[in-house]
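Here is a structure to read slowly, with each term set beside its definition. Which words can be justified from the atoms, and how?

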Amino acid sequence: MSYIHIENAGKTFKENGQEFTALLDVNLDIEKGEFICLLGPSGCGKSTLLNAIAGFDLVNKGSIKIDGKEVAAPSDRNVTIFQNYGLLPWRTVIKNVELGLEAKKIDKAKRREIAKKYLGLVKLEKFENSFPRQLSGGMKQRVAIARALAVEPDIVFMDEPFGALDAITRMKLQDDILEICKNEKKTIIFVTHDIEEAVYLADRIVIMTPNPGKVKSVITVPLHHLRDRTSGDFLLVRDKIFDLLNMKTEELIEYTI
Ligand SMILES: Nc1ncnc2c1ncn2[C@@H]1O[C@H](COP(=O)(O)OP(=O)(O)OP(=O)(O)O)[C@@H](O)[C@H]1O
């Protein structure tokens with residue numbers, strides 16, 4: 001069985017006595033070390049699926065297993081990075097990065113050493129004594145990434161982590177994430193509605209469509225790890241996904257472009 005195994009997963013919400021299907025019959029297998037982007041328009045269930053895999057809000061049909069075990073609650077082996085950074089404003093940058101290490105009862109000297117290493121990875125070592133309010137949005141998200149990686153998680157869940165950033169900062173952070181992933185091979189589940197972002201980052205892209213939220217296609221991105229947004233191959237994949245998002249077919253398609 002694959003590392004993350006999702007079988008006929010479904011999620012319904014009840015609102016004012018009415019049932020709403022946010023996810024229908026999702027089947028998906030993810031291997032350890034894969035970078036997976038969940039891509040689709042607003043309301044197609046990307047966050048619902050991410051939250052279900054992360055154990056925050058479980059599916060009410062089918063099954064989601066990680067390493068053979070049914071997901072029943074969030075695991076301290078995994079971390080989630082959100083769009084709003086989630087930094088503690090009263091703590092310095094380095095103390096924010098140390099947060100998860102404190103929870104793991106790692107001693108002070110070791111915490112410092114690990115936090116410095118990860119601040120180095122996100123190129124913020126000079127800002128370790130700053131407070132979050134003194135940082136730009138991109139820098140805050142870098143701190144959040146350092147904090148997440150410092151605990152050496154198995155899976156990193158990212159829900160539109162760069163959604164609040166301007167285009168140039170976003171591109172820089174995408175490069176940082178790829179660089180970090182190259183060195184520390186992590187399983188990453190990354191939600192985005194930006195086609196270009198998905199093509200730039202993902203090993204595979206899970207294309208979802210709304211009403212009800214479904215997986216429409218799973219695309220293996222046939223590009224080298226270091227991608228060039230202006231290359232013909234890149235644009236070809238991007239255009240193909242654009243077409244897929246507009247297609248009407250109902251069946252699940254899994255293929256390599
Ligand atoms: N707790 C909830 N109660 C009721 N409906 C919900 C709840 N959470 C999500 N939904 C509905 O489920 C659908 C899918 O929501 P979800 O947030 O997963 O979509 P999304 O693809 O992540 O969208 P976006 O890109 O806008 O964040 C939406 O129609 C949403 O209104």
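Q: What follows α1, and what is the sign of its phi?
A: Helix α1 is followed by G55, whose phi is positive, near 90°. Helices (H or I, at least four residues) and strands (E, at least two) are DSSP runs, numbered from the N terminus. Residues, for their part, are numbered from 1 along each chain as its sequence is written. This is a predicted model, in which local features need pLDDT of at least 70 and side-chain atom pairs count only at pLDDT 80 or more, while totals for chains, interfaces and linings use all residues.

Q: What makes α1 a mostly covered helix?
A: Eight of the nine residues in α1 are buried, where buried requires 20 or more other C-beta atoms within 10 Å of the residue's own, exposed means 12 or fewer, partly exposed lies in between, and C-beta atoms are placed from the backbone. The buried residues are K46, T48, L49, L50, N51, A52, I53 and A54.

Q: Why is F162 called buried, and where does F162 lie?
A: F162 has 25 other C-beta atoms within 10 Å, so it is called buried. This residue sits in the loop between β7 (155–159) and α6 (167–183). Leaving out residues up to four places away in sequence, F162 touches Q141, R170, L173 and Q174, with contact meaning that the two C-beta atoms, placed from the backbone, lie within 7 Å. F162 and I81 are 81 residues apart in sequence, while their C-alpha atoms are 9.9 Å apart in space.

Q: Why are D25 and E152 called partly exposed?
A: D25 has 15 other C-beta atoms within 10 Å and is therefore partly exposed. The count for E152 is 15 within 10 Å, so E152 is partly exposed as well. D25 is found in strand β2, and its phi is near 45°, a positive value in a residue other than glycine. E152 lies in the loop between α5 and β7, and its phi, near 50°, is likewise positive in a residue other than glycine.

Q: How do you know which strands β3 is joined to?
A: Strands pair if DSSP finds at least two bridges between them. Five bridges join β3 to β8 (residues 187–192), running parallel, and L38 has V191 of β8 as its bridge partner. Four bridges join β3 to β9 (residues 204–209), again running parallel, with I205 of β9 as the bridge partner of C37.

Q: What makes both faces of β3 covered?
A: In a regular strand the side chains alternate between the two faces of the sheet. In β3, F35, C37 and L39 on one side and I36 and L38 on the other are all buried.

Q: Why are β2 and β5 described as standing at the edges?
A: The strands of an open sheet of four have the order β2-β1-β4-β5, with antiparallel pairing. β2 (18–30) and β5 (69–70) each have a single partner strand, so one side of each is left without a neighbour in the sheet. Strand β1 (residues 4–15) and β2 are joined by nine bridges and run antiparallel; I4 stands opposite I30 in β2.

Q: What makes up the largest nonpolar core, and which helix gives the most to it?
A: The largest nonpolar core has 71 residues, and those with the most contacts inside it are I36, C37, L38, A146, I205 and V206; such a core is a set of buried Ala, Val, Leu, Ile, Met, Phe, Trp, Tyr and Cys residues joined through C-beta atoms within 7 Å. Helix α5 (residues 137–150) gives the most to this core, with eight residues. Not counting residues up to four places away in sequence, C37 touches F190, T192, A198, L201, A202, I205 and V206.

Q: Why is the protein called as compact as a globular protein of its length?
A: Its radius of gyration is 19 Å, close to the 18 Å that the globule rule gives for 257 residues, so the protein is as compact as a globular protein of that length. The radius is taken over C-alpha atoms, and the globule rule is 2.2 Å times the number of residues to the power 0.38. The secondary structure comes to eight helices and eleven strands, and buried residues make up 38% of the 257 residues.
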